[in-house]
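User: I'd like to learn how to read a structure like this one, feature by feature. Could you walk me through it?

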Amino acid sequence: MDSQTAIDLGQRAIATMMLVGGPVLVVGLVVGLLIGLLQALTQVQDQTVSFVPKIVAMILAASFCLPWLVQVMMDYTHQVISNIPAVISGG
């Protein structure tokens, strides 16, 4: 395996990781911003007020996106495993 193949594998792994983690993290970010704004407006500065809604929203987002996330991971895994002979032979 040459260095370009390793770089390509790494880039695909990082892109897949960002694609899989992105929806859940974006939901957490949006909910966190909304809760932070609400806390600033009401001057309630309790840590659990921001933590619990973010966790609940992220769990709901993960459960909603789970079929798509599993399909993306399966496609990536299938692509990597099917390319093992070509990578080993140098082709």
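Analyst: Sure, we'll go through it feature by feature, and keep in mind that this is a predicted model.

User: Let's begin with the backbone. Where does Gln43 sit, and what is its phi?

Analyst: When you read a backbone, look at the sign of phi and then at the residue type. Here Gln43 has a positive phi of about 60 degrees, although it is not a glycine. Gln43 belongs to the loop between α1 (3–42) and α2 (47–82).

User: Is Gln43 buried or exposed?

Analyst: For that you read the relative accessible area and hold it against the cut-offs: under 20% is buried and over 50% is exposed. Gln43 has 69%, so Gln43 is exposed.

User: And Thr16, buried or exposed?

Analyst: Thr16, a residue of helix α1, has a relative accessible area of 16%, so Thr16 is buried. To see what is around a residue, set aside its neighbours within four places in sequence. For Thr16 that leaves contacts with Val72 and Tyr76.

User: Which residues does Ser50 touch if I read it the same way, leaving aside neighbours within four places in sequence?

Analyst: Ser50 is in contact with Ile35 and Gln39 on that reading. Ser50 itself is part of helix α2, and its relative accessibility is 14%, which means that Ser50 counts as buried.

User: Which residues of α2 are buried, then?

Analyst: Read a helix by listing its buried positions, then ask what covers them. In α2 the buried residues are Ser50, Ala57, Ala61, Cys65, Leu69 and Val72. The cover over these buried residues of α2 includes α1. You've already met Val72 as a contact of Thr16.

User: Where does α2 bend, and by how much?

Analyst: For a bend, you compare the direction of the helix before and after a residue. α2 bends by about 60 degrees at Leu66. It's also handy to check for a proline downstream: here Pro67 follows within four residues.

User: What about the outside? Which residues form a nonpolar patch on the surface?

Analyst: Look for nonpolar side chains that are grouped together and accessible. The patch here is made up of Phe51, Val52, Ile55, Val56, Ile59 and Leu60, with about 560 Å² of accessible area together. Take one of them, Leu60, which lies in helix α2: at 54% relative accessibility, Leu60 counts as exposed.

User: Which residues does the UniProt annotation "transmembrane region" cover?

Analyst: With an annotation, note the source and then check the model over that span. The UniProt record, an unreviewed entry, puts "transmembrane region" on residues 12–39 and 51–70. In the model, residues 12–39 are 100% helix and 0% strand, with the end C-alpha atoms 39 Å apart. Residues 51–70 are likewise 100% helix and 0% strand, and their end C-alpha atoms are 26 Å apart.

User: How far apart are Ala40 and Ser50 in sequence and in space?

Analyst: Put the separation along the chain beside the C-alpha distance. Ala40 and Ser50 are 10 residues apart in sequence and 11 Å apart in space. Ala40 is in helix α1 and, at 52% relative accessibility, counts as exposed. For another pair, take Thr48 and Ala13: they are 35 residues apart along the chain, and their C-alpha atoms are separated by 34 Å. Thr48 is in helix α2, and with 47% relative accessibility Thr48 counts as partly exposed.

Terms used: Residues numbered from 1 in each chain as written. Predicted model: local features only at pLDDT ≥ 70, side-chain atom pairs only at ≥ 80, totals over all residues. Heavy atoms only, no water. Helix = DSSP H or I, 4+ residues; strand = E, 2+ residues; numbered from the N terminus. Buried < 20%, exposed > 50% of the residue type's maximum accessible area, 1.4 Å probe, protein only. Contact = heavy atoms within 4.5 Å. Bend = angle between axes of the 7 residues up to and from the residue. Patch = residues over 30% accessible without salt bridge, like charges linked within 9 Å, V, L, I, M, F, W, Y side chains within 5 Å. Areas by Shrake-Rupley, 256 points an atom, 1.4 Å probe, with all protein chains shown as cover. Salt bridge = Lys/Arg side-chain N within 4 Å of Asp/Glu carboxyl O. UniProt positions renumbered as here; feature names shortened; annotations may be inferred.
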